[in-house]
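This report looks at one buried position and at the sheet to which its strand belongs. Please keep the sequence and the model at hand while reading.

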Amino acid sequence: MGLKRVDGYKYFAEPAYPDVPFAEYRARIDKAQRLMAQEGIDCLLIQSKQNMRYFSGYQNTHWEIPSIQPGSMIIPVEGEPVAVVPDFFTANVEQQCWIRDVVQHTEPHQPVSIRRLPADLAGLIKEMGYGRGRVALEMGPLGNMYIPRPLNDIQAFIEALPEAKIVDGDAVIWGCRMIKSPLEVERIAVAVNGHKAVLQALVDEFRPGMDEVDLSRIAYRRAAELGTGYLGDSIGLWGSFRAALASEPMGDVGVHEGAALGKGDYIFYCMCFQHKGYEPDSARIFQLSEVTEEHMKMYRLVWEAQDRAAEVIKPGVKANQVFKAMYAGIGAAGLPVLDMGGHGTGLDTHEPPSIDAWNEQVIEEGMVLSIEPWSYFSLRMHGGIGKFGVQDQYVVTADGCSKIQGFRRDVVQVNHPIL
């Protein structure tokens with residue numbers, strides 16, 4: 001019971017299914033180590049799904065099981081990273097990852113072994129020579145990261161390193177992850193194209209008499225046809241999907257059984273189509289019956305807001321400057337201004353920077369920003385015309401930004417409306 005180092009490799013000498021090419025993996029580790037040196041960090045402990053995948057390529061289906069830690073990774077400021085996984089996941093690392101220093105967690109389902117893991121990881125860090133060093137964890141104010149272990153495990157790990165200084169790892173992690181490589185941008189673009197296809201299916205296949213469950217079947221069937229929802233660590237489609245009048249004020253709940261759709265309803269679709277872990281946030285609103293000039297004024301207002309944001313996005317601009325430009329027209333029209341107008345996106349749907357009125361974080365080349373202005377006069381259930389918004393992805397370039405073209409903005413009604 002405890003940790004057992006694999007001598008060389010146990011099953012596979014080379015990864016047959018690497019998540020990224022070796023050059024991409026090496027570039028991520030090299031950048032992390034450069035940032036660690038700048039921050040005075042000796043080693044970084046990684047235990048979350050997205051960070052494990054980003055820095056190692058490691059995947060499995062156990063991330064939602066709280067009784068086991070599916071994987072850990074130690075990145076030293078110098079030298080090669082170490083992967084620590086349950087013994088039955090040794091082959092996962094060897095087939096998916098370029099890491100060749102693999103440590104097995106033996107008897108990983110046993111409560112005693114699970115409770116010993118924090119101290120075992122601390123012991124490994126001491127073995128690597130960092131028992132008195134600055135050890136960074138997945139914490140800090142940037143990006144709202146969390147360590148996916150019970151608090152008692154985190155405390156046990158810290159107590160097992162009494163001579164170390166525990167520090168935030170967010171500057172290193174997001175210093176890497178916020179700036180997307182061309183490969184990452186390509187994966188985000190594939191996800192956006194998948195989202196477009198699902199939206200087109202909703203527009204084409206809606207028929208009067210359908211309910212929210214019927215719409216979900218259309219969306220998930222089209223997503224499955226496009227290749228999402230594998231049995232790996234991908235989850236396919238998720239997000240906010242509501243249409244019936246009674247669902248309007250509810251936030252991100254998915255569909256309701258028995259939520260019938262009638263005249264005056266609309267599809268509020270803010271979903272993430274996932275491709276190889278990347279899940280950009282895209283949104284459209286489709287009217288299920290007549291489209292009035294009052295509706296079109298609201299559509300044009302949010303389209304204009306998104307275009308204003310795109311005009312100011314470039315390296316060196318602050319996030320709150322983008323927010324201010326985006327909501328200038330909506331504010332001038334006397335409409336409510338929401339507290340956020342977008343965010344970074346990638347392996348997490350919401351990543352820093354947050355595009356809001358308070359954030360002075362500087363926009364950098366290579367960021368992918370999800371820009372989403374929203375507003376409304378009043379809700380349909382109160383006699384108004386409801387909420388309006390649009391959401392698309394923008395890649396920050398050397399002198400501005402480039403839009404990853406999402407679904408057409410001018411399609412605002414289903415092909416077979418309730419008339």
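## Asp392 and its sheet

In this predicted model, the side chains of Asp392 and Arg284 are joined by a polar contact of 3.1 Å. A further polar contact links the side chain of Asp392 to the side chain of Gln306, at 3.2 Å. The two pairs are set out below.

| Side chain | Partner side chain | Polar contact |
|---|---|---|
| Asp392 | Arg284 | 3.1 Å |
| Asp392 | Gln306 | 3.2 Å |

Asp392 has a relative accessibility of 2%, and because buried means under 20%, the residue counts as buried. When its neighbours within four places in sequence are left aside, Asp392 is in contact with Arg284 and Gln306, and also with Leu369, Ser370, Ile371, Lys403 and Gly406.

Asp392 lies in strand β16, which covers residues 392-396. This strand belongs to an open sheet of 5 strands, whose order is β12-β11-β13-β16-β17 and whose pairing is antiparallel. The edges are taken by β12 (351-354) and β17 (401-404), and each of these has a single partner strand, so one side of each is left without a neighbour in the sheet. From one strand to the next, the twist averages 30°.

Elsewhere in the sheet, strand β11 (residues 342-344) pairs with strand β13 (residues 368-371) in the antiparallel sense, over 3 bridges. Within this part of the sheet, Gly342 stands opposite Ile371 in β13, and Ile371 is also one of the residues in contact with Asp392.

Notes: Residues numbered from 1 in each chain as written. Predicted model: local features only at pLDDT ≥ 70, side-chain atom pairs only at ≥ 80, totals over all residues. Heavy atoms only, no water. Helix = DSSP H or I, 4+ residues; strand = E, 2+ residues; numbered from the N terminus. Buried < 20%, exposed > 50% of the residue type's maximum accessible area, 1.4 Å probe, protein only. Polar contact = N/O pair within 3.5 Å; in protein donor to acceptor, adjacent residues only side chain to side chain. Contact = heavy atoms within 4.5 Å. Pairing = 2+ DSSP bridges. Axes fitted to C-alpha atoms, helices over the stretch in contact; angles between N-to-C directions.
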